[in-house]
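The following exercises ask the reader to work through a structure step by step. Each task is followed by its solution.

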Amino acid sequence: MSESRCLYPGSFDPVTNGHMDIIRRAAGMFDRVVVGVLHNPDKRGCFPVEQRIAMLKKACAGFPNVEITAYGGLLAQMTREMGISTVVRGVRGVGDLESEMTMARINHQLNPGLETVFLPASPETQEISASMVRQLASFGADLSSYVPLQVLPDILAAFHTKDSKEQED
Ligand code: PNS
């Protein structure tokens with residue numbers, strides 16, 4: 001029997017405990033989970049893609065069936081090239097649903113072999129977003145409940161460097 005695979009795409013800017021909740025559950029549902037760092041044209045990136053990948057690799061080190069990759073094009077094209085027919089997306093609440101459903105429909109139009117599966121965020125992580133993490137980090141707040149501990153030093157270092165640069169300017 002062929003192995004079941006899914007793509008979990010996102011910006012992961014940076015990876016949060018919300019993402020980890022979805023990765024952990026997807027890793028229990030599929031033989032293999034490909035976590036894909038893709039470009040969201042609606043968002044101005046904060047961390048360079050290579051650093052997002054490095055942080056994801058650290059955070060996912062304990063999951064033998066999870067691999068991390070990046071792709072610069074359309075999700076529909078990536079899944080076609082990789083022969084993946086299931087996309088997993090986390091949904092934190094109704095606010096996420098409209099745009100997520102639009103994205104799922106468009107991806108299905110572009111690649112009719114592709115289905116999107118929505119996982120409802122766990123109650124402990126449903127308030128967490130990467131933008132909230134970035135905002136908290138910029139004010140020096142404690143992030144330990146929001147991001148995997150393995151990447152905490154990377155995030156603190158990035159914002160510390162930003163702070164010192166801004167003070168120099
Ligand atoms: O974590 P995000 O920002 O919600 O993830 C959104 C992402 C990166 C998955 C989405 O913007 C995406 O798929 N980008 C790749 C380009 C693409 O295929 N766009 C069409 C989506 S309808």
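**Exercise 1. Determine whether F12 is buried or exposed, and describe its backbone.**

Step 1. The model is a predicted one. F12 has a relative accessibility of 2%. Buried means under 20%, so F12 counts as buried.

Step 2. F12 is placed in the loop between β1 and α1.

Step 3. The phi angle of F12 is near 50°, which is a positive value in a residue other than glycine.

Step 4. P14 lies in the loop between β1 and α1 as well. The peptide bond that runs from D13 to P14 is cis, and its omega is near 5°.

**Exercise 2. Identify the residues that are linked with D13 in a network of salt bridges, and classify each by accessibility.**

Step 1. Side chains of opposite charge can pair when their charged atoms come close. The criterion applied here is a side-chain nitrogen of Lys or Arg within 4 Å of a carboxyl oxygen of Asp or Glu. By this rule there are eight salt bridges.

Step 2. One of them joins R52 to D13, with 3.3 Å between the closest N and O atoms. This pair connects distant parts of the chain, since R52 belongs to helix α2 (residues 49–59) and D13 to the loop between β1 and α1 (17–29), 39 residues apart.

Step 3. R52 has a relative accessible area of 9% and is therefore buried. D13, at 5% relative accessibility, likewise counts as buried.

Step 4. D13 also meets the side chain of R134 in a salt bridge, at 3.8 Å from N to O. Here too distant parts of the chain are linked: R134 is in helix α5, D13 is in the loop between β1 and α1, and 121 residues separate them. R134 counts as partly exposed, with 22% relative accessibility.

Result. The network of salt bridges links D13, R52 and R134.

**Exercise 3. Characterise the salt bridge between R32 and E67.**

Step 1. The side chains of R32 and E67 meet at 2.9 Å, N to O.

Step 2. R32 is in strand β2 and E67 in strand β3, so that the pair links distant parts of the chain, 35 residues apart.

Step 3. R32 has a relative accessible area of 24% and is partly exposed. E67, at 28% relative accessibility, is also partly exposed.

**Exercise 4. Explain why the buried residues of α3 lie on the same side of the helix.**

Step 1. Helix α3 spans residues 75–82, and its buried residues are L75, A76, M78 and T79.

Step 2. These residues cover an arc of only 165° around the axis, which puts them on the same side of α3.

Step 3. The general principle is that an α-helix has 3.6 residues a turn, so residues three or four places apart point the same way.

Step 4. The cover over the buried residues of α3 includes the strands β1 (5–10), β2 (32–38), β3 (66–71) and β4 (86–91), together with helix α4 (94–110).

Step 5. Just after α3, G83 adopts a positive phi of about 65°.

**Exercise 5. State which residues come nearest to the ligand, and examine the polar approaches to its oxygen atoms.**

Step 1. There are 14 residues around the ligand, of which S11, N40, K43, L75 and R89 come nearest.

Step 2. S11 places a polar side-chain atom 2.5 Å from an oxygen atom of the ligand.

Step 3. For K43, an N or O atom of the side chain is 2.7 Å from an oxygen atom of the ligand. For R89, the corresponding distance is 2.9 Å.

Step 4. The ligand taken alone exposes 540 Å², and the protein buries 83% of that.

**Exercise 6. Describe the surroundings of T125 and S129 in the loop between β5 and α5.**

Step 1. T125 lies in the loop between β5 (115–120) and α5 (130–138). T125 counts as buried, with 10% relative accessibility.

Step 2. When neighbours within four places in sequence are left aside, T125 is in contact with N17, G18 and D21.

Step 3. S129 is found in the loop between β5 and α5, and at 15% relative accessibility S129 counts as buried.

Step 4. The side chains of S129 and S131 are joined by a polar contact of 3.2 Å. A polar atom of the S129 side chain also lies 3.1 Å from the backbone nitrogen of M132.

Step 5. Not counting residues up to four places away in sequence, S129 touches T16 and R92.

Definitions and conventions. Residues numbered from 1 in each chain as written. Predicted model: local features only at pLDDT ≥ 70, side-chain atom pairs only at ≥ 80, totals over all residues. Heavy atoms only, no water. Buried < 20%, exposed > 50% of the residue type's maximum accessible area, 1.4 Å probe, protein only. Helix = DSSP H or I, 4+ residues; strand = E, 2+ residues; numbered from the N terminus. Arc of directions from axis to C-beta. Contact = heavy atoms within 4.5 Å. Near = heavy atom within 4 Å. Polar contact = N/O pair within 3.5 Å; in protein donor to acceptor, adjacent residues only side chain to side chain. Areas by Shrake-Rupley, 256 points an atom, 1.4 Å probe, with all protein chains shown as cover.
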